[in-house]
Amino acid sequence: MTEAEPARLRRLGPDDDERPARALVADLRLDQPVGERPRVVAAMVMSADGRAQLADRSVGLGNAADRDLLRELRTGADAVLAGARTLHAERYATLLDPAQQEHRRARGDAPHPVVVTVSRRLDLPVGEIPVFGEAGVPIIVATESADRQLPGCDAEVDVWRYAQGGMTFGGLLRDLHARRGVRGVTCEGGPGLLRELIAQGELDELLLTVAPKLVAGETLSVLQGERFGDRGLDLELADVHRSEHHLFLRYVRPT
Ligand SMILES: NC(=O)c1ccc[n+]([C@@H]2O[C@H](COP(=O)([O-])OP(=O)(O)OC[C@H]3O[C@@H](n4cnc5c(N)ncnc54)[C@H](OP(=O)(O)O)[C@@H]3O)[C@@H](O)[C@H]2O)c1
């Protein structure tokens, strides 16, 4: 019997090819829908031990490059999708700075991406999520509630109602494309929403930032919810960057 060839591990290159976050986002083709739905790219940050929270929020895990990447993803996408609990926990506010809004305007887009959130019960503490108080920010809340109302606020909020048990990410994404012309979506979690998005086959790429930190404890992971069978779901590594001691991994779903 011949001995198997030993596996080879490639050492990734030194930091000789630095690129701004905007260049990484350009690679993602967020202006190119996938058939009848927008392209969907998720961005999450985790500690080296796989935790997605530090003191109940993700703030504190990312570094300057991670924050820059998130903002460039928002600048590049027509819509930002985030779960109801994430909007609340992360106190969503001021998604883009004036220069990023201007960049969007200059390329012919609205200054703000549409903020899209899902709450089957329409159970959103609107008064505790600052972005709902920002005039001019378009927000879509997708729900299965037939009649619950949201309190008034300064943002431009549209409630899209789906039948009980009839709200799927595929349906919502197709509606965003058909009704609002959304070509690309940045999904910012949280772990519950992202697991469902992936389970429904609607995620194209995952950007995972690994922070040089250990957290431990009873904290959420990047995905929460039922296990993806005994074999898990496969990904392919499409790109790797680093900034300081943070690692930036880009995964795609195999075709
Ligand atoms: N590390 C990171 O990158 C990162 C990113 C984002 C968030 N986080 C952290 O994650 C935590 C929040 O995440 P989470 O998982 O608890 O909540 P989440 O995913 O932000 O929101 C979940 C909510 O979305 C609604 N929803 C509607 N349809 C859904 C579906 N098909 N599947 C799942 N949810 C659906 C549900 O509201 P209804 O019950 O009303 O339907 C549910 O309560 C926060 O602590 C946040 O700081 C970390």
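**Close-ups of a predicted model: sheet, ligand site and two odd backbone spots**

**View 1. D239 and R250 face each other as bridge partners, with R250 sitting in β9.** This is a predicted model, as are the views that follow. The bridge belongs to the pairing of β8 with strand β9 (residues 246–252), which runs in the antiparallel sense over 7 bridges. If you're hunting for the spot, look along β8, residues 236–243, at an edge of the sheet.

**View 2. Here's the whole sheet, open and built from 9 strands.** Reading across, the order goes β5-β4-β3-β2-β6-β1-β7-β9-β8, and the pairing is mixed. Which strands sit at the edges? They are β5 (156–161) and β8 (236–243), each of which pairs on one side only. Ignoring direction, neighbouring strands are turned against each other by 20 degrees on average.

**View 3. Helix α6 lies across five-strand territory named here one by one: β1, β2 (79–81), β3 (114–118), β6 (184–187) and β7 (205–211).** Relative to β1, α6 runs at about 135 degrees. Keep both α6 (191–199) and β1 (39–47) in mind for the next view, since each supplies at least two residues of the shell around the ligand.

**View 4. The ligand has 26 residues around it, with Q53, T86, E90, R120 and G192 coming nearest.** Besides β1 and α6, helix α3 (84–89) also supplies at least two residues of the shell. By character, the shell divides into 11 nonpolar, 7 polar and 8 charged residues.

**View 5. Zooming in on the backbone, A52, G190 and P191 each put a polar backbone atom close to the ligand.** For A52, a backbone N or O atom lies 2.8 Å from a nitrogen atom of the ligand. G190 has a polar backbone atom 3.2 Å from a ligand oxygen, and for P191 the distance from a polar backbone atom to a ligand oxygen is 3.4 Å. How much of the ligand does the protein bury? Taken alone the ligand exposes 920 Å², and 91% of that is buried by the protein.

**View 6. G190 turns up again, this time for its peptide bond: the link from G189 to G190 is cis.** Omega there is near 0 degrees. G190 is found in the loop between β6 and α6, and it's the residue with a polar backbone atom 3.2 Å from an oxygen of the ligand.

**View 7. A55 isn't a glycine, yet its phi is positive.** The value is about 50 degrees. You'll find A55 in the loop between β1 and α2 (64–76).

Note on methods. Residues numbered from 1 in each chain as written. Predicted model: local features only at pLDDT ≥ 70, side-chain atom pairs only at ≥ 80, totals over all residues. Heavy atoms only, no water. Near = heavy atom within 4 Å. Polar contact = N/O pair within 3.5 Å; in protein donor to acceptor, adjacent residues only side chain to side chain. Areas by Shrake-Rupley, 256 points an atom, 1.4 Å probe, with all protein chains shown as cover. Helix = DSSP H or I, 4+ residues; strand = E, 2+ residues; numbered from the N terminus. Nonpolar A, V, L, I, M, F, W, Y, C, P; charged D, E, K, R; others polar. Pairing = 2+ DSSP bridges. Axes fitted to C-alpha atoms, helices over the stretch in contact; angles between N-to-C directions. Contact = heavy atoms within 4.5 Å.
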